[in-house]
Amino acid sequence: MNYVRNAWYVAAWSEQIEDGKPFAITILDEPLAIFRGESGRLSALEDRCVHRLAPLSLGRCEGDRLRCMYHGLLFAADGTVVEIPGQDQIPPQARVRAFPVVELHSWVWVWMGDPALADEALIPPAVGLDHPDYILGHGHLDYAAEARLINDNLLDFSHLTFVHANSFGAGPEFAATQARITPLDRGIRYERWIENSLGSSSRRSDVPMDSYMRYDFLIPGVLLMTGGIFPLGTAKACAFGAPDLDEAKGGVTFTSQAVTPVTGKTSRYFFSWGPHRKHGDEALRDMLMGIAGQAFDEDKVMIEAQQKVIDRTPDPRVMPTAHDKGVTMFNRLVERMARAETEGNRNAA
Ligand code: FES
Ligand SMILES: [Fe+2]
């Protein structure tokens with residue numbers, strides 16, 4: 001899998017990690033056992049007991065430690081074995097890998113690369129479910145497709161016109177015009193103004209307005225999107241650049257989405273969406289989540305079918321179009337970062 005490892009991957013919604021109960025998730029083909037110790041602190045260990053390779057996710061939390069429930073080896077949060085029933089000596093190799101793990105913005109983030117490089121400042125600024133300004137719904141979806149295909153989908157919104165004509169009510173403008181794309185340190189920024197429009201099903205207006213949307217798509221595969229509707233002429237007045245969202249007349253929402261590669265051909269997709277308190281309420285949130293549910297199913301049908309075609313194609317090649325600019329930029333960034341990691345590892349060896 002060609003993915004960046006020195007990055008924070010979303011492993012779960014915080015609420016999915018129950019007290020005292022290990023949670024199993026595979027990221028980049030690495031099975032993990034994540035658990036919340038008595039102190040509330042999270043740990044993420046390789047999900048493979050050093051004794052006879054039973055999964056630690058079937059284990060039992062004891063304080064801030066995890067006991068393998070096959071023959072009872074006890075693991076500390078850093079992965080070292082601290083107790084072997086019936087044996088006094090603990091060999092130095094009695095340890096499993098521990099992954100840096102952080103709980104932030106209602107997500108559990110795991111650093112899949114070199115632990116020495118884990119920097120919390122690199123966690124994408126998602127909007128958590130407890131954010132005071134937004135009323136958010138959330139969920140997740142499992143895909144029988146590689147994460148990269150979902151990233152590619154999220155990096156090219158021209159598909160809204162076709163895949164989501166019914167759910168988002170997107171018009172021809174998504175496919176007919178280009179978004180403005182700016183490179184970021186660890187991703188890409190998309191901005192799009194649609195002038196003189198009645199909006200879409202998620203950002204509806206009775207009178208024509210200028211509609212703005214912006215999203216950042218960040219390593220390893222996190223989409224953070226907002227936008228709003230503005231009086232006619234606003235797009236021109238700000239030269240099609242970023243408006244002040246506080247000036248929006250309506251339609252300000254926020255969505256955080258994360259694509260996590262599970263294995264080479266499976267992924268988990270996490271999402272939240274909802275209105276700014278000034279522009280909506282719980283009822284609007286529920287309506288948006290209904291639309292999103294339909295739209296995300298539409299993507300899943302297309303992407304899983306696409307994966308099947310790719311799998312039976314001997315030499316699958318793509319033919320990029322003008323809308324693939326962001327896809328190409330992001331995938332090049334991933335390749336560059338992944339290559340630098342491999343070279344760094346080789347130099348270190
Ligand atoms: S496999 Fe874990 S203690 Fe034996
Ligand atoms: Fe989509």
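Strands E3 and E4 form a hairpin with 5 residues between them, and Gly 40 in that turn has a positive phi of about 95°; helices (H or I, at least four residues) and strands (E, at least two) are here DSSP runs, numbered from the N terminus. The model is a predicted one, in which local features need pLDDT of at least 70 and side-chain atom pairs count only at pLDDT 80 or more, while totals for chains, interfaces and linings use all residues. Residues are numbered from 1 along each chain as its sequence is written, chains are lettered from A and ligands numbered from 1 in the order in which they are written, and side-chain values use heavy atoms, with hydrogens and water left out.

The pairing of E3 with strand E4 (residues 42-46) is antiparallel and runs over 5 bridges, where two strands are said to pair if DSSP finds at least two bridges between them. Within this pairing, Arg 36 has Leu 42 in E4 as its bridge partner. E3 is also joined to strand E2 (residues 23-27), again in the antiparallel sense, by 5 bridges, and Phe 23 stands opposite Ile 34 in E3. E2 and E3 form a hairpin as well, with 2 residues between them, and in its turn Leu 28 has a positive phi of about 50°. Strand E3 (residues 30-36) is mostly covered, since 6 of its 7 residues are buried; buried means under 20% relative accessible area, exposed over 50%, and partly exposed in between, computed with a 1.4 Å probe on protein chains only.

The loop between E1 and E2 holds Pro 22, which counts as buried because its relative accessibility is 13%. Leaving out residues up to four places away in sequence, Pro 22 touches Ile 34, Phe 35, Leu 56, Ser 57, Gly 59, Cys 61 and Leu 66, a contact being heavy atoms within 4.5 Å. Between the C-alpha atoms of Pro 22 and Ala 175, which are 153 residues apart along the chain, the separation is 45 Å.

On a broader scale, the protein chain is divided into domain 1 (8-122) and domain 2 (137-334), with bounds that come from an automatic or database domain assignment. The C-alpha centres of the two domains lie 34 Å apart, and 17 residues of domain 1 are in contact with 18 residues of domain 2.

Aromatic rings offer another way through the model. Rings of Phe, Tyr and Trp (its six-membered ring) pair if their centres lie within 6.5 Å, and planes under 30 degrees apart count as stacked, over 60 as edge-to-face and the rest as tilted; by this rule the count comes to 14 aromatic pairs. One of them is the tilted pair of Trp 13 and Trp 107, with 5.1 Å from centre to centre and 45° between the planes. This pair links distant parts of the chain, as Trp 13 belongs to strand E1 (residues 8-13) and Trp 107 to strand E11 (residues 107-111), 94 residues apart. Both Trp 13 and Trp 107 are buried. The pair of Tyr 269 and Phe 296 is edge-to-face, because the ring centres are 5.2 Å apart and the planes stand at 75°. Since Tyr 269 lies in strand E18 (residues 266-275) and Phe 296 in helix H5 (residues 282-311), this pair ties together parts that are 27 residues apart in sequence. Tyr 269 is buried, with a relative accessible area of 2%, and Phe 296 also counts as buried, at 7% relative accessibility. Ring pairs link Tyr 143, Tyr 269, Phe 271 and Phe 296 into a cluster.

Lys 300 lies over the face of Tyr 143, at 5.6 Å from the ring centre, where a charge sits over a ring if NZ of Lys or CZ of Arg is within 6 Å of the ring centre and within 35 degrees of the ring normal. Lys 300 is also in contact with Asp 142, as are Ser 267, Arg 268 and Glu 304, with neighbours of Asp 142 within four places in sequence left aside. Asp 142 is found in strand E12 (residues 137-143) and counts as partly exposed, at 38% relative accessibility. Its side chain makes a polar contact of 2.6 Å with the side chain of Arg 268; a polar contact is a pair of N or O atoms within 3.5 Å, and within protein one must be able to donate a hydrogen and the other to accept it, while residues adjacent in sequence count only if both atoms are side-chain atoms.
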